[in-house]
Amino acid sequence: MTAPVQVQCLEAVVRMKSFRAAAATLHMSQSAVSGHISRLERQLNLQLVDRSFSGATLTRAGASLLPHLRAFAESAESISKSSEFLRDGEAHRLSVLTFRAGLTHILPKALAMLRESFDSNLVVQLAQAHYEEICTAVADGSCDLGLTITLESETCAEVDDREIMRGGPLGASGLPDHPLLRRDGPIDPSELAHHALIVPRSRGVLEALDRMLPVGDRSFVCIVSDADIALNLAAAGVGLAVTIPDPRWLGTAGVSWRPLRGAPETTVRLITAHGGPTSAPAVALAEYLEALARSRNGRG
Amino acid sequence: MVALIQVQCLEEVVRTRSFRAAASVLHMSQPAVSGHVARLERELGLQLLQRSPTGSELTVQGRRLIPHLRAFVESEAAILRASESLRTGGPQQLTVSSHRRGMVRILPDAFAVLRESFGSLVVHLHQDGAIDAREGLRDGSCDIALAIEPDDDEAGRGIDKTHMLSLGQLGVCGPVGHPLLNTGDPIAADELGAESLITLTTNSTARVLGGLLPRGARNFSCEVDDTEVAMALVRAGLGLAVMLFHPYELATGSLRWRPMSGSPSFSIHLLSSSVTALSPAGQALHSYLMSWRSTVTSMYAIDPVRGVTRTRLAQPSNEQTA
């Protein structure tokens with residue numbers, strides 16, 4: 001199996017362009033560094049580094065694989081960080097992770113209510129994240145509250161995960177004159193074949209797409225950070241955006257939307273640690289969010 | 001370090017609630033399963049399982065840690081999937097990093113053009129900060145980046161940096177009628193100490209603001225990762241946002257902006273690797289962006305006092321120049 005030290009060696013060699021310099025920064029022998037990288041290359045059955053007298057550089061395969069290797073080393077790092085946190089840490093500030101429409105359309109109102117009750121010395125950290133990232137952060141206490149929009153089938157046992165709003169089915173959006181959008185009713189997923197697609201980098205959506213449309217039937221694909229960016233690209237004529245929620249939520253002008261046939265339903269969910277949030281600002285914010293969701297549901 | 005087999009053993013014991021059942025599912029002996037779980041616990045210095053004759057279950061700490069352990073296993077699976085597709089030869093990939101405005105205002109047309117020339121291409125578009133673009137450009141895992149940075153930041157080794165568009169200096173943005181925004185003169189950072197502030201966490205702006213107004217000197221504050229979210233919070237009445245001048249937003253007339261004294265000038269810069277050669281798709285995107293640059297600089301007049309003034313719109317709209 002891949003080991004974080006192999007990734008560290010690879011990164012160091014790529015950064016320093018030399019095995020000898022990498023070994024010096026890592027306080028290892030040159031042969032150890034070279035051994036780690038060769039073992040990694042053997043395990044993956046790919047050449048990752050071009051070795052030449054003028055310096056070591058990544059091969060094309062190495063460059064494509066490096067982000068995955070980094071994510072792996074980071075996740076190893078996050079295990080040790082969160083176990084340290086669990087051994088002796090406590091959360092201090094109010095940290096909230098959410099999806100894009102949550103940041104721009106739901107949280108501002110709730111935070112304005114929160115500000116009335118907590119005027120000074122509170123630092124609220126807001127960031128955008130996907131469902132799995134939110135669950136992980138809430139579970140280890142590095143985030144107090146999560147608000148997410150996901151497919152109904154996704155669940156996470158490590159956190160409390162409560163539906164507060166309906167989000168509608170997964171759909172496709174694009175310019176109104178796109179051949180698939182000139183009709184009414186759902187689009188059959190097989191019709192997406194060979195159309196340019198824009199997909200948010202959310203595991204739920206990527207997996208739903210994998211089930212609905214084989215990789216071999218795809219042409220130009222753009223993988224972007226969130227639904228809002230996907231809809232903006234669709235509005236510029238890049239292709240069809242496959243997203244939740246539908247564009248009416250985000251108010252993107254100039255795009256039409258149709259649901260995908262057989263696509264899963266989605267929900268907006270509030271994510272807290274088991275037993276609910278503990279700090280007073282987090283408790284208050286969770287209440288405001290639920291109240292906002294109730295009034296929105298009430299309007300239909 | 002944590003090993004895959006240890007996580008698998010833990011997962012199986014949790015699922016079946018028993019070491020014996022887990023051992024039989026995994027085709028291992030019971031002591032082997034129990035040894036793997038114990039080594040994992042020792043490695044992390046935490047008790048993950050509550051063992052009892054009626055069944056084993058996760059402790060509170062175990063429940064908190066298990067998503068990280070799963071992510072670790074998942075990330076290793078991702079390496080194997082990606083190397084598999086590399087061995088079999090998948091479609092061409094292009095990785096681009098950009099600030100949010102660039103994603104919405106600059107890149108959409110560029111991608112529409114790319115699509116015409118590259119039938120099967122997978123473009124990965126990351127928001128500035130989600131990946132380390134500079135590190136990625138040096139090692140080839142990122143191809144092109146649009147970044148908002150102070151003009152005096154150096155490109156650094158291995159990176160080509162082209163100036164695209166001046167954005168002026170950091171300033172304070174808030175609702176019309178806010179007492180601090182009655183004048184357009186530069187404001188000193190320490191005047192903001194008692195205000196509710198919305199600040200950006202993007203590296204360069206956070207660094208500059210940190211120098212002008214340290215965190216400890218701030219009141220209620222919200223830290224967000226892009227201007228659009230900051231604007232949504234300003235409109236909700238949450239406070240003043242510290243950000244660059246944005247004619248698009250100020251054109252609505254309900255907001256005012258005032259420069260901060262002591263802030264350097266920021267611009268959009270185009271970053272690419274000076275070492276690794278761009279793929280054909282990367283070259284096409286780069287030359288599109290260079291042509292955008294020559295169009296846009298003639299579209300904007302840069303006024304050192306008022307910031308960027310839009311003289312012509314990128315897209316037809318009835319917004320007025322601020």
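## Two chains and the strands between them

In chain A of this predicted model, residues 24 or more positions apart account for 70% of the contacts with a separation of 6 or more. Of the 300 residues of this chain, 50% count as buried, and its C-alpha atoms fill a box of roughly 70 × 55 × 30 Å along the principal axes. The secondary structure of chain A consists of 10 helices and 12 strands.

Chain A also touches chain B, in a contact that takes 65 residues from chain A and 63 residues from chain B. On the side of chain A, the elements that give two or more residues include α1 (4-16), α5 (100-117) and β4 (123-128), while α4(A) gives the most, with 18 residues. Sorted by class, this side of chain A has 39 nonpolar, 19 polar and seven charged residues.

Strand pairing is found both between the chains and inside chain B. Between the chains, β4(A) pairs in the parallel sense with strand β8 (residues 221-224) of chain B over three bridges, and there V124(A) has C222(B) as its bridge partner. Within chain B, β7(B) pairs in the parallel sense with β8(B) over four bridges, and with strand β9 (residues 240-244) over two bridges. The table sets out residues that stand opposite each other in these pairings.

| Residue | Partner | Strand of the partner |
|---|---|---|
| V124(A) | C222(B) | β8(B) |
| I198(B) | C222(B) | β8(B) |
| I198(B) | A241(B) | β9(B) |

How do the residues of β7(B) point from the strand? L197(B) and T199(B) point one way, whereas I198(B) and L200(B) point the other way, and all of them are buried. This fits a general pattern, because in a regular strand the side chains alternate between the two faces of the sheet. From β7(B) the chain crosses through helix α7 (residues 203-212) of chain B to β8(B), and this β-α-β crossover is right-handed.

In soluble globular proteins, nonpolar side chains tend to be buried together. Here the largest nonpolar core has 129 residues, and those with the most contacts inside it are I198(A), L233(A) and L233(B). If its neighbours within four places in sequence are left aside, L233(B) is in contact with residues of both chains, among them P108(A) and L111(A) as well as I198(B), C222(B) and A241(B). A second, separate core of 46 residues includes F72(A) together with V7(B), L40(B) and I66(B).

Methods: Residues numbered from 1 in each chain as written. Chains lettered and ligands numbered in written order. Predicted model: local features only at pLDDT ≥ 70, side-chain atom pairs only at ≥ 80, totals over all residues. Contact = placed C-beta atoms within 7 Å. Nonpolar A, V, L, I, M, F, W, Y, C, P; charged D, E, K, R; others polar. Pairing = 2+ DSSP bridges. Core = buried A, V, L, I, M, F, W, Y, C linked by C-beta atoms within 7 Å. Buried ≥ 20, exposed ≤ 12 C-beta atoms within 10 Å, placed from the backbone. Right-handed = clockwise from strand over helix to strand, strands pointing away.
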